[in-house]
Each structure stands twice: as structure tokens, then as C-alpha cells.
Amino acid sequence: MICFKYQAAGNDFILVTSPESMAEISTDEVIRLCDRRYGIGADGLIILESSREHDFSMRFFNNDGSGGMMCGNGGRCIVDLARRSGIPASGKDDSWLFEAPDGIHSGRIVASEGNKSIVCLSMNDIASVDTVELPETEGQDSRAWRMNTGTDHLVIFRDDLDKTDVLNEGRRWRYDSRFAPKGVNVNFVQISAPGKPLRVRTYEKGVEYETLSCGTGIIASAIAAWMKGDHRGKYTLRSTSDTFSVSFSHLSGIFSNVELTGPVELVFQAII
């Protein structure tokens with residue numbers, strides 16, 4: 001089996017292709033391959049498979065073997081792999097249309113040089129954003145925002161991310177009884193000066209630590225900033241490791257035309 005190691009703003013993945021059939025992979029095998037000491041090491045594993053109606057399909061697993069959700073950074077990586085694998089693009093503007101656990105997505109290459117690319121990924125509409133009451137000391141105010149951008153996210157605003165204990169506070173909110181049984185990814189966001197990127201740090205469930213970036217969390221953070229009153233035409237957001245852009249439309253409570261753009265890199269490929 002040929003595997004490809006990708007990183008997207010430090011969020012790293014193992015990708016494998018199984019274009020003719022559904023690959024059989026066990027939870028134990030996902031955990032073994034993603035282990036950073038005894039395997040290849042990754043935040044997650046992604047399988048590119050054939051599709052009867054679209055260019056390909058995507059299956060995603062966290063490094064604990066859990067699956068069934070969308071991954072924004074992984075989605076951008078798999079679009080780049082589809083291009084490198086010679087899979088024809090059937091969408092507008094040379095975009096690939098593919099199936100994921102949360103529905104149909106499209107992705108296109110904005111720029112590419114060597115092993116690095118900038119990839120724009122379209123996401124599904126977001127029709128429900130809920131407010132969650134927090135103690136006054138938990139954020140800039142007593143509100144946080146919860147939404148599903150392919151997987152469940154909670155967004156908490158902070159005045160100073162450098163003083164935020166993302167690991168322990170993120171874990172506490174991830175396992176909060178209000179979000180049981182599945183839990184939530186937890187994003188801590190700092191709104192910077194006008195014209196400056198929003199800063200984002202994310203604790204990811206299924207990985208159970210702070211990742212260097214989270215694509216669906218970046219989207220959730222931009223939408224929460226809009227809900228908070230920061231109405232930019234296009235959002236620039238800075239994760240721990242790199243910069244993203246997010247754009248969307250808002251009408252009658254629905255966020256549509258959601259796009260996430262950011263970097264990906266093919267790190268290596270190998271036969272395992």
C-alpha cells in the first residue's frame with residue numbers, strides 16, 4: 001500500500017488511495033499508523049476512494065480511530081492528492097467534486113509549486129449557531145458559540161491567547177456534560193486590531209490535544225466572530241503555525257458559500 005504524508009498548516013495526515021474499492025482498515029491499524037513513536041505519526045488518517053457520482057470520496061479518521069466527521073484541512077490535502085494522482089476534475093474552475101461524511105464538497109488548487117499548494121475548499125451551509133453561557137471569567141463576555149462545520153465546535157473568545165491553557169481548558173470543555181456523549185472541538189479565539197488576523201488555538205477531540213491548526217475550527221471561529229459583531233468581508237485567521245482565509249455569505253440566519261483557503265504540503269510518500 002502506498003501512503004502519502006501531508007501537512008496542512010501543521011495539521012498532519014496519512015493519506016492512502018483505494019480507488020477501486022472500499023479499503024478495509026481497523027481502528028487498531030489507524031491507531032498504529034498514526035502513533036508518533038511506533039508508526040508514521042499523524043493527527044489523522046484519510047482514505048481516497050472511488051465514487052459512482054463524483055470524482056472521488058473521502059473517509060476520515062482521527063488518530064484514536066474515531067471517524068464519521070469532516071476534516072477541513074484533510075479535505076484540502078485530499079484535493080491536492082487527487083491532482084497529483086491524475087484524477088480528472090469535473091467541477092467548475094477545474095475543481096474536484098467529492099463525497100465526505102457530511103456531504104458533497106468541491107476543492108480547487110489556487111497555486112502550486114513543488115510539494116506545496118494553496119487549496120480552496122468549499123464547505124456545507126451552516127444553518128444553526130447556538131450560544132452557550134459561560135462564567136464571566138471564561139471569555140471576553142459570558143457567551144460562547146457552538147456549531148457544526150463538518151464536526152461540532154465550541155468557540156470561546158479570549159483577550160490573550162498566550163495566557164490560555166488550551167490543553168487543560170480545552171479538555172474540560174470538550175468533556176462538559178452539555179456536549180455529551182460526542183463532545184466538541186474547542187477553539188479559543190483572540191480578535192486582534194482592525195485589519196489584523198484573528199488568532200485561533202484549537203483543542204481537538206479524537207486527537208485529545210492542541211493541534212497546530214484545525215480547518216473546521218478556523219471556519220467556526222470566523223463565523224463566531226461574525227456572530228459577535230466583527231463583520232468582515234473576508235476573514236484572515238492565524239493558527240499556531242500558519243494563515244488561512246475564510247469567506248461566506250449570510251442571509252436569513254444561514255451561512256452559505258463557505259470557503260476555506262490555506263496551505264498544504266506533500267511531505268513524503270512510501271510503500272508500507
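1. A good place to start reading this predicted model is His153, which touches Trp145, Arg146, Met147, Val184, Asn185, Asn187, Cys214, Thr216, Gly217 and Ala220 when residues up to four places away in sequence are not counted. His153 is found in strand β10, which covers residues 152–157, and with a relative accessible area of 0% His153 is buried, because the cut-off for that word is anything under 20%. The C-alpha atoms of His153 and Arg32, by contrast, are separated by 27 Å, and these two residues are 121 residues apart along the chain.

2. Stepping back to the chain as a whole, its secondary structure comes to 4 helices and 16 strands. The radius of gyration of the chain is 18 Å, close to the 19 Å that the globule rule gives for 272 residues, and therefore the chain is as compact as a globular protein of that length. Along its principal axes, the C-alpha trace spans about 55 × 40 × 30 Å.

3. Some totals help to describe how the chain is packed and what its surface is made of. Of the 272 residues, 53% count as buried, and among the contacts between residues at least 6 apart in sequence, 60% join residues at least 24 apart. The accessible surface comes to about 12100 Å², and 48% of that surface belongs to carbon and sulfur atoms. The chain has 29 positive and 37 negative charges, and the mean positions of these two groups are 4 Å apart.

4. What does the interior look like? In soluble globular proteins, nonpolar side chains tend to be buried together. In this chain the largest nonpolar core has 53 residues, and those with the most contacts inside this core are Leu15, Phe98, Tyr235, Val246 and Phe248. Helix α4, made of residues 215–228, provides the largest share of this core, namely 8 residues. Apart from this core lies another one, of 13 residues, and Val132, Leu161, Val166 and Trp173 are among them.

5. Two residues that touch one another give a closer view of the packing. Leaving aside neighbours within four places in sequence, Val246 is in contact with Ile218, Ile219, Ala222, Lys234, Tyr235, Leu237, Glu259 and Leu260. Ile219, which has its place in helix α4, is in contact with Met123, Ile126, Thr149, Val246, Val258 and Leu260 under the same exclusion of sequence neighbours. The relative accessibility of Ile219 is 0%, so Ile219 counts as buried. Between Ile219 and Asp230 there are 14 Å in space, C-alpha to C-alpha, and the two are 11 residues apart in sequence.

6. Is Lys228, another residue of helix α4, buried, partly exposed or exposed? Its relative accessibility is 23%, and Lys228 therefore counts as partly exposed, since the buried class ends at 20% and the exposed class begins over 50%. Lys228 and Ala144 are 84 residues apart in sequence, while their C-alpha atoms are 9.3 Å apart in space.

7. Gly74, found in helix α2, gives another example of residues brought together from distant parts of the sequence, since it is 142 residues from Thr216 along the chain and 9.8 Å from Thr216 in space, C-alpha to C-alpha. At 0% relative accessibility, Gly74 counts as buried. Its contacts, leaving aside neighbours within four places in sequence, are with Phe13, Ile46 and Met58.

8. Some details of the backbone deserve a careful look. Most residues other than glycine have a negative phi, and most peptide bonds are trans. The peptide bond from Ala180 to Pro181, however, is cis, with omega near 5°, and Pro181 lies in the loop between α3 (166–174) and β11 (185–190).

9. Which residues other than glycine have a positive phi? One of them is Asp93, with phi near 55°, and Asp93 has its place in the loop between α2 (72–84) and β5 (96–100). The relative accessible area of Asp93 is 66%, so Asp93 is exposed. Another is Glu208, with phi near 70°, and Glu208 lies in the loop between β12 (198–204) and β13 (209–211).

Terms used
Residues are numbered from 1 along each chain as its sequence is written. This is a predicted model: local features need pLDDT of at least 70, side-chain atom pairs count only at pLDDT 80 or more; totals for chains, interfaces and linings use all residues. Side-chain values use heavy atoms; hydrogens and water are left out. Helices (H or I, at least four residues) and strands (E, at least two) are DSSP runs, numbered from the N terminus. The radius of gyration is taken over C-alpha atoms; the globule rule is 2.2 Å times the number of residues to the power 0.38. Buried means under 20% relative accessible area, exposed over 50%, partly exposed in between (1.4 Å probe, protein chains only). Contact means heavy atoms within 4.5 Å. Accessible areas come from the Shrake-Rupley method with a 1.4 Å probe; for residues, only the protein chains shown count as cover. Lys and Arg count as positive and Asp and Glu as negative; His and the chain ends are not counted. The place of a charge is taken as NZ of Lys, CZ of Arg, CG of Asp or CD of Glu. A nonpolar core is a set of buried Ala, Val, Leu, Ile, Met, Phe, Trp, Tyr and Cys residues joined through side-chain atoms within 4.5 Å.
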